[in-house]
Amino acid sequence: MTTTDMLDRLARDVAAVVPDVDAEVSHGRYGDGIGGFAEPKQIEFVADRLDERDTPYHAIETEVPYPNDTQRCDIVLETDTGRLPIEAKLLRFNRANGDIEPTTYDSIFNPLDGSLVADATKLATSEFDTPGGLLGLYYERGDEEAPVFDPHRLAEKLADDAAFWFDLTVEPAAVVEFTGLRHDIHRQGAVVVWDIAD
């Protein structure tokens, strides 16, 4: 299975488990369901649920140290060809109360350390077996308001920005939608994944 195929499968599997996790997690500080939780907790919830499934998630790890650094990678999967590292971010353009979240755009597209596009370069220069990929948990409002950013366009823009800022090929691998979540604002969304070229 290629990295792109693995990331595509991961996107579909994460999108399948998000509603299940949402139905089970207790009331969070910012509302019911998974949508109001912070990024590390959401990744933990999803990884734990994937770990209960069959391979390739039986050995899923979170917060794994980089081989050549003290920083940690959000998710690492064991595959037939080695360890597949994945950096993840929440892509929430609205706060739990519905207001615009002003920091989200920078957390995705700012070319400085800490953004999703910068994470692509961190993976590309790491000593993992493969450059791996990126995963975004995208949420949008469930009411009539138009989304701040369409997830398909977001996927394309990140790829364009990686090429512009870092001369790095980052290809959108999948955008898989999910719906029916309990949070008042974060009621639906998508899992967006990108493949970082060798």
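In the predicted model, strand β4 is largely enclosed by the rest of the structure, because 9 of its 9 residues are buried. On one side of the pairing pattern, β4 runs parallel to β3, to which it is joined by 7 bridges. Within this pairing, E87 has L134 of β4 as its bridge partner, and K89 stands opposite G136 of β4. Strand β4 also pairs with β6; these two strands run antiparallel and are joined by 9 bridges. Here the bridge partner of Y139 is G189 in β6.

Strand β3 is likewise largely enclosed by the rest of the structure, since 10 of its 11 residues are buried. Besides its parallel pairing with β4, β3 pairs with β2 in the antiparallel sense over 5 bridges. A hairpin of 2 residues connects β2 to β3, and T79 stands opposite G82 of β3.

Helix α1 covers residues 3-24, and its 22 residues should span 32 Å at 1.5 Å a residue; the end C-alpha atoms lie 31 Å apart, which agrees with that expectation. The helix nevertheless contains a kink of about 25 degrees at V17, shortly before the proline P19. V17 is also one of the buried residues of α1, which include M6, L7, L10, A11, V14, V18 and V21 as well as the acidic residues D13 and D22. The buried residues of α1 pack against α2 (39-51) and against the strands β2 (72-79), β3 (82-92), β4 (133-141), β5 (170-178) and β6 (186-196). The strands β3 and β4, described above as largely enclosed, are thus among the packing partners of this helix.

Note on methods: Residues numbered from 1 in each chain as written. Predicted model: local features only at pLDDT ≥ 70, side-chain atom pairs only at ≥ 80, totals over all residues. Heavy atoms only, no water. Helix = DSSP H or I, 4+ residues; strand = E, 2+ residues; numbered from the N terminus. Expected span 1.5 Å × (residues − 1). Bend = angle between axes of the 7 residues up to and from the residue. Buried < 20%, exposed > 50% of the residue type's maximum accessible area, 1.4 Å probe, protein only. Contact = heavy atoms within 4.5 Å. Pairing = 2+ DSSP bridges.
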